[in-house]
Amino acid sequence: MTQERFVSRHIGPRGHEMDTMLKKVGVASLEELIEQTVPANIRLKEPMDLPAGLSERKYYKRILELAKKNKVFNTYIGMGYYDTITPAVILRNVLENPVWYTSYTPYQAEISQGRLEALLNYQTMVSELTALPVANSSLLDEATAAAEALVLMFNTRSRAQKKAGANVCLVDEKIWPQTLDVLVTRANPLGIELKVGSFKDFDLNESVFGVIAQYPNSEGNICDYRELVEKANAVSAKVTVCADILSLALLTPPGEWGADIAVGSTQRFGVPMGYGGPHAAFFATKEENKRYLPGRIIGVSKDANGNRALRMALQTREQHIKRDKATSNICTAQALLANMAGFYGVYHGAEGLKGIATRIHSIAVFLTQEIEKLGYTQMNEKYFDTIRFALPRHVKLEDIEWLSVDKEMNFRYFESHEVGLSIDETTNLEDINMILEVFAKAANKPVEEITEYPRNLTVDAEFARTSEFMKQEVFNNYRSETEMLRYIKKLERKDISLTHSMISLGSCTMKLNAATEMLPLSWIEFGGLHPFIPKNQALGYHEMMEELRRDLAVITGFADMSLQPNSGAAGEYAGLMVIRQYHISRGEGHRNVVIIPASAHGTNPASAVMAGMKIVVVPCDDNGNVDVDALRAKAVEHKDDLSAFMVTYPSTHGVFEEGIIEMCEIIHENGGQVYMDGANMNAQVGLTSPGLIGADVCHLNLHKTFAIPHGGGGPGVGPIGVAAHLVEFLPSHPIMNNGHVGITAVSAAPWGSASVLPITYGYIKMMGGEGLTEATKMAILNANYIASALKDNYGILYTGENGRVGHEMILECRKLKASSGITEEDIAKRLMDYGFHAPTLSFPVHGTLMIEPTESESMQELDRFIDAMNSIYAEIKEVENGEVDAADNVLKNAPHTDQVICADEWTHSYSREKAAYPLEWIRDNKFWVPVGRLDNAWGDRNLICACGTPEEYEMFSA
């Protein structure tokens with residue numbers, strides 16, 4: 001572990017290479033480039049007030065010191081979070097493996113087949129366990145998944161229901177309190193009325209469109225919801241069940257008793273509690289709802305050669321396409337954690353899951369019997385893992401509490417003065433004896449040491465699952481660690497990640513996720529904590545989070561931060577809800593108009609709709625900047641109802657717009673608030689800040705600017721910073737005091753995805769204020785270096801007033817398409833033959849490519865990418881000049897698999913060598929794509945979202 005400045009490890013180009021790069025760009029110094037790029041009126045006058053960067057060794061000592069302040073107790077609180085055993089083969093080869101955690105969302109399917117298969121396994125597992133035919137590839141957490149189900153039920157009302165104004169959703173009172181809080185947050189701005197009560201007393205009438213219940217319920221009881229479902233069906237209301245997925249190995253699954261939707265968390269499938277997250281939520285539903293399903297769906301398709309290939313299906317319903325008409329604002333999900341949970345299912349199989357669930361239930365039954373002998377009364381008649389005891393008259397709750405804490409155990413304490421225990425996979429004989437000792441001492445009774453306990457007790461026959469599940473081959477082939485290891489490695493070899501080459505995706509900031517930052521992620525001191533334990537058991541977490549909040553407030557120029565939002569889109573939504581509540585507090589709750597530039601990311605309008613806003617789009621001028629005159633006109637037009645202006649800075653076009661301060665002033669003059677999308681914060685840090693510019697709220701993507709890896713599509717973290725007048729409205733939490741008392745919760749956990757926060761904490765502490773500023777400058781230099789090298793061949797669509805781009809650029813490809821027929825997609829697929837992930841396709845401008853190199857890429861890697869792009873340009877010119885066939889060429893047929901290259905028959909007009917090795921250096925590190933170009937249309941016409949289905953076997957059998 002180095003004693004040198006960490007910044008020299010994080011930044012790619014070496015000091016002596018900068019002269020070469022600056023010369024190519026056409027400036028004498030880095031400072032001259034920054035002056036030409038960032039408007040002077042928004043530049044910080046003083047350096048950020050942050051400590052100097054720590055060496056990696058000093059940081060390691062610091063994070064270890066914080067870890068030791070966290071107390072890892074045996075926790076039986078439950079409530080949606082349970083201790084679990086992460087198989088070491090998954091911990092070591094997935095969670096700690098940069099191939100899995102540095103890859104991007106699998107939009108480019110040909111170089112993502114490994115994680116696509118892993119996610120398809122996850123979907124299949126969820127579908128099998130819930131007995132519902134269609135599942136997505138993860139959502140953010142159980143509470144937000146329930147909220148997505150609420151919105152789906154509302155959006156799929158029949159014409160008659162909409163005409164009748166059906167807007168009531170009935171929620172059973174025995175639901176997790178954090179889930180109810182998030183449901184309240186989501187329902188209010190959409191005009192949905194939540195009625196909370198006992199499901200037995202629900203009045204199902206024509207005003208009701210949906211029902212939500214917990215299975216088993218929040219007290220641990222297993223309830224029979226079959227009659228409820230029948231009554232709901234009679235009035236065309238849909239039923240959502242929040243289910244414990246492990247319990248479904250033993251209990252009759254929701255799909256078998258008529259539920260329309262099942263949601264929940266897969267955390268207990270080998271994913272550490274992590275003080276609340278991140279964890280992968282699941283969402284499964286009936287076939288009829290598949291086109292309304294939120295999040296990503298992995299589907300089976302075929303490639304250009306007719307071979308089976310996987311892809312993200314039904315993308316046209318997503319927010320980046322449908323914008324304000326999208327089914328959800330979900331962008332980042334929890335792919336890495338879904339992969340872990342899916343591999344857990346693969347490793348254990350149905351019999352393994354049944355065995356784990358049966359053992360848990362058996363311990364719960366045994367403890368019930370033994371504790372009742374001590375004079376306690378177990379209140380749950382039918383249960384899976386959670387038991388609830390009423391105390392004898394002479395026993396005090398406080399005695400149970402201090403005795404359990406003395407034994408380093410946490411129990412659950414109900415408001416009705418009962419004690420709860422949720423048994424988990426880790427509970428063993430020693431734990432059983434300690435639990436019994438606590439109850440015995442509190443009752444002042446003797447107890448004998450237990451030496452054995454039953455392991456095969458079954459649940460009540462009334463609720464017992466009789467159907468088989470997870471019979472697919474993948475869930476039955478990998479029981480030994482050797483076989484499991486090889487399966488994981490087989491999949492990872494199919495994917496491009498940052499371990500292979502630069503990922504130049506614009507607006508995605510695929511920077512280094514340093515090993516030292518990642519180390520604490522698998523430490524039990526961070527992973528083994530339940531989010532609802534007493535704060536004095538998580539002092540290390542809280543010290544870290546307080547420092548992180550302060551540092552992020554300095555960086556953004558804001559008064560305070562909320563760490564609760566667990567994705568960028570969740571941050572957008574939280575920020576808009578804070579603005580909404582601010583207006584309400586001033587008696588201006590009618591302010592509901594949001595002005596959004598035409599160039600905005602699709603999550604912006606999607607989030608605004610979720611927050612109950614009306615969208616007004618402002619156009620861009622010919623230079624790609626927001627049309628300030630048009631903005632002023634629209635702000636004045638809507639001044640009585642103006643709520644907010646959503647703006648990305650630098651713009652989504654990759655430019656520092658000169659008029660940004662004026663834009664903010666226009667909005668404020670007309671009664672609105674400025675929401676800044678922090679997607680491009682990597683070009684701001686240390687040079688300017690949202691607070692200085694004039695924004696009132698900004699969300700950050702810690703998985704972009706602040707070094708949390710993308711994980712193949714999650715986790716992400718989207719904290720929001722706010723100006724002083726908005727601090728009182730930051731999200732609260734119904735169970736834990738998270739330091740804020742504002743709007744109801746936006747995610748299940750009080751501090752969101754807490755276990756990945758050490759990554760950002762480490763990044764900031766090791767970079768220091770000076771290093772963070774240096775990184776921003778280098779990100780701008782790297783982008784301008786590429787722009788200077790590619791502008792003559794492709795053209796840069798938008799630049800600032802001095803001809804500079806920010807940290808990213810848009811390559812103009814439309815003219816090449818017009819002259820040669822070669823599209824931006826052809827270029828993207830051909831880049832795979834060169835060993836590169838494609839830039840961002842057709843966003844924010846159709847027919848273009850957006851490139852963001854980040855500060856972490858070396859000059860050598862930038863040069864390889866430039867060589868590849870210029871080589872592709874030469875290939876395009878061959879088509880344009882008629883030197884090669886317009887249909888049969890290396891671009892139209894890209895990417896080329898090894899099977900195609902090695903086939904006995906070669907019918908193409910170009911050579912095998914040109915297809916596979918267009919540049920000499922490719923031979924040294926060739927990435928062979930596992931499949932040819934995907935047939936996307938075929939995949940949507942023949943939607944298969946699970947592995948091993950009869951339809952799939954029929955379509956792809958010999």
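Q: In this predicted model, in which loop does Pro-895 lie?
A: Pro-895 lies in a loop bounded by two helices, helix 28 and helix 29 (898–902). The peptide bond that joins Ala-894 to Pro-895 is cis, with omega about -5°. The location of Pro-895 is thus the loop between helix 28 and helix 29.

Q: Which peptide bond is cis with omega near 10°, and where does its proline lie?
A: The proline in question, Pro-278, is placed in the loop between strand 7 and strand 8. The cis bond, with omega near 10°, runs from Gly-277 to Pro-278.

Q: Is helix 27 largely enclosed by the rest of the structure or left open, and why?
A: A residue is buried when its relative accessible area is under 20%. Among the buried residues of helix 27 are Ile-827, Leu-831 and Met-832, and also Lys-829 and Arg-830. These buried residues pack against strand 24 (840–841), strand 25 (848–851), helix 28 (859–880) and helix 30 (912–916). Because nine of the ten residues of helix 27 (residues 824–833) are buried, the helix is largely enclosed.

Q: Which residue caps the N-terminal end of helix 27?
A: The cap involves a side-chain oxygen that lies 3.3 Å from the backbone nitrogen of Glu-825. After the helix comes Gly-835, with a positive phi near 90°. The residue that caps the N-terminal end is Thr-823.

Q: Which strands stand at the edges of the seven-stranded open sheet?
A: The sheet has mixed pairing and follows the order 2-8-7-6-5-3-4. Strand 4 runs parallel to strand 3 (residues 168–172), to which five bridges join it. An edge strand has a single partner, so one side is left without a neighbour in the sheet; this applies to strand 2 (134–135) and strand 4 (193–197).

Q: Which helix lies across strand 3, strand 4 and strand 5 (208–215)?
A: Helix 7 (residues 113–130) lies across strand 2, strand 7 (261–265) and strand 8 (281–285), at about 60° to strand 8. The helix across strands 3, 4 and 5 runs at about 155° to strand 4, and is helix 10 (residues 177–187).

Q: How much space lies in the largest cavity?
A: The model contains 13 cavities of 30 Å³ or more. Of the 25 residues that line the largest cavity, those closest to its centre are Gly-80, Tyr-82, Trp-176, Asp-244 and Arg-268. Strand 5 and strand 6 (238–243) each give two or more residues to this lining. The space in the largest cavity is about 200 Å³.

Key
Residues numbered from 1 in each chain as written. Predicted model: local features only at pLDDT ≥ 70, side-chain atom pairs only at ≥ 80, totals over all residues. Heavy atoms only, no water. Buried < 20%, exposed > 50% of the residue type's maximum accessible area, 1.4 Å probe, protein only. Helix = DSSP H or I, 4+ residues; strand = E, 2+ residues; numbered from the N terminus. Contact = heavy atoms within 4.5 Å. Polar contact = N/O pair within 3.5 Å; in protein donor to acceptor, adjacent residues only side chain to side chain. Pairing = 2+ DSSP bridges. Axes fitted to C-alpha atoms, helices over the stretch in contact; angles between N-to-C directions. 1 Å grid on protein atoms, 1.4 Å probe; cavity = no way out; pocket = protein on both sides within 12 Å on 5 of 7 lines; lining within 4 Å. Points joined across faces, edges and corners; volume = space filled by probe spheres on them.
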